[in-house]
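Good morning, and thank you for making time for this presentation. I would ask you to keep the sequence and the structure in view while I speak.

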Amino acid sequence: MAMASVTEDYKSDEKDDEKKVDDTLMADADMDKITAEIEKQPIVSEQRKLTSLLTEFKDHANFTRQMNALIASEHHSSYRQMRRDGNCFYRAFLLGLFETIENTRDL
């Protein structure tokens, strides 16, 4: 009786291992699709007007109010969209730094 129980447990473990392998393969395939979709986006977009964000987020009243205040202040006139790949913060920070240096170098 003990031998049959051990054999059944072993078969159960094999099924669990097969399921884990299948789940891993599915996750890898999903990750490949996500990566391909991310790579379709440009690393850094061209400059876009802030007013384009108003149409994109028209259902968010608080955001719209804040954007209207930014546009009215005329301090910021455009933005660039970064590829959302995990490095977007660093890319945006450095690009902003370099653009600031470039713009103030002429002064």
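Let me begin with a term: a salt bridge is a side-chain nitrogen of Lys or Arg within 4 Å of a carboxyl oxygen of Asp or Glu. Please bear in mind throughout that what you see is a predicted model.

With that term in hand, consider Arg80 and Glu99, whose side chains meet in a salt bridge with an N to O distance of 2.7 Å. This pair links distant parts of the chain, for Arg80 sits in the loop between strand 2 and helix 4, while Glu99 belongs to helix 4, 19 residues apart. Are these two residues buried or exposed? Arg80 counts as partly exposed, because its relative accessibility is 28%. Glu99, at 26% relative accessibility, is likewise classed as partly exposed.

I shall now step back to the whole chain. The protein has 4 helices and 2 strands, and from the N terminus on the elements follow the order α-β-α-α-β-α. Of its 107 residues, 8% count as buried. The accessible surface comes to about 9,300 Å², and 57% of that surface belongs to carbon and sulfur atoms. As for contacts between residues at least 6 apart in sequence, 63% of them join residues at least 24 apart.

How many salt bridges does a search of the whole structure find? The search finds 3, and the pair of Arg80 and Glu99 has already been shown as a salt bridge.

Another is formed by the side chains of Glu37 and Lys40, at 3.6 Å from N to O. Both residues lie in helix 1, which covers residues 2-40, and they are 3 residues apart, about one turn of the helix. Glu37 is partly exposed, because its relative accessibility is 47%. Lys40, by contrast, has a relative accessible area of 64% and is therefore exposed.

There is also a salt bridge between the side chains of Arg91 and Asp85, where the N to O distance is 3.1 Å. Asp85 has a relative accessible area of 29%, so this residue is partly exposed.

Next, I turn to the loop between helix 1 and strand 1. Gln41 is placed in this loop, and Gln41 counts as partly exposed because its relative accessibility is 28%. Which residues does Gln41 touch, not counting those up to four places away in sequence? They are Arg83 and Arg84. Gln41 and Asp85 are 44 residues apart in sequence, and their C-alpha atoms are 9.7 Å apart in space.

Gln47 lies in the loop between helix 1 and strand 1 as well, with strand 1 at residues 48-49. Leaving out residues up to four places away in sequence, Gln47 touches Ser78, Tyr79, Arg80 and Glu99. Gln47 thus reaches two residues, Arg80 and Glu99, that meet each other in a salt bridge. The C-alpha atoms of Gln47 and Arg80 are separated by 5.0 Å, although the residues are 33 apart along the chain.

Arg80 appears once more when we look at Leu95, a residue of helix 4. Leaving aside neighbours within four places in sequence, Leu95 is in contact with Val44, Arg80 and Met82. From C-alpha to C-alpha, Leu95 and Arg80 are 9.5 Å apart, with their positions 15 residues apart in sequence. Leu95 is partly exposed, because its relative accessible area is 23%.

Helix 4 also brings us to the surface. Phe93 has its place in this helix, which covers residues 88-105. At 51% relative accessibility, Phe93 counts as exposed, because the cut-off for that class is over 50%. Phe93 takes part in a nonpolar patch on the surface together with Phe89, Tyr90, Leu94, Leu97, Phe98 and Ile101. Together, the residues of this patch have about 770 Å² of accessible area.

Finally, I would draw your attention to the largest pocket, which has a volume of about 150 Å³. Which elements give two or more residues to its lining? They are helix 3, at residues 61-73, and strand 2, at residues 78-79. The lining consists of Leu50, Leu53, Met67, Leu70, His76, Ser78 and Tyr79. Two of these names, Ser78 and Tyr79, were met earlier as residues that Gln47 touches.

Thank you for your attention.

Key:
Residues numbered from 1 in each chain as written. Predicted model: local features only at pLDDT ≥ 70, side-chain atom pairs only at ≥ 80, totals over all residues. Heavy atoms only, no water. Patch = residues over 30% accessible without salt bridge, like charges linked within 9 Å, V, L, I, M, F, W, Y side chains within 5 Å. Areas by Shrake-Rupley, 256 points an atom, 1.4 Å probe, with all protein chains shown as cover. Buried < 20%, exposed > 50% of the residue type's maximum accessible area, 1.4 Å probe, protein only. Contact = heavy atoms within 4.5 Å. 1 Å grid on protein atoms, 1.4 Å probe; cavity = no way out; pocket = protein on both sides within 12 Å on 5 of 7 lines; lining within 4 Å. Points joined across faces, edges and corners; volume = space filled by probe spheres on them.
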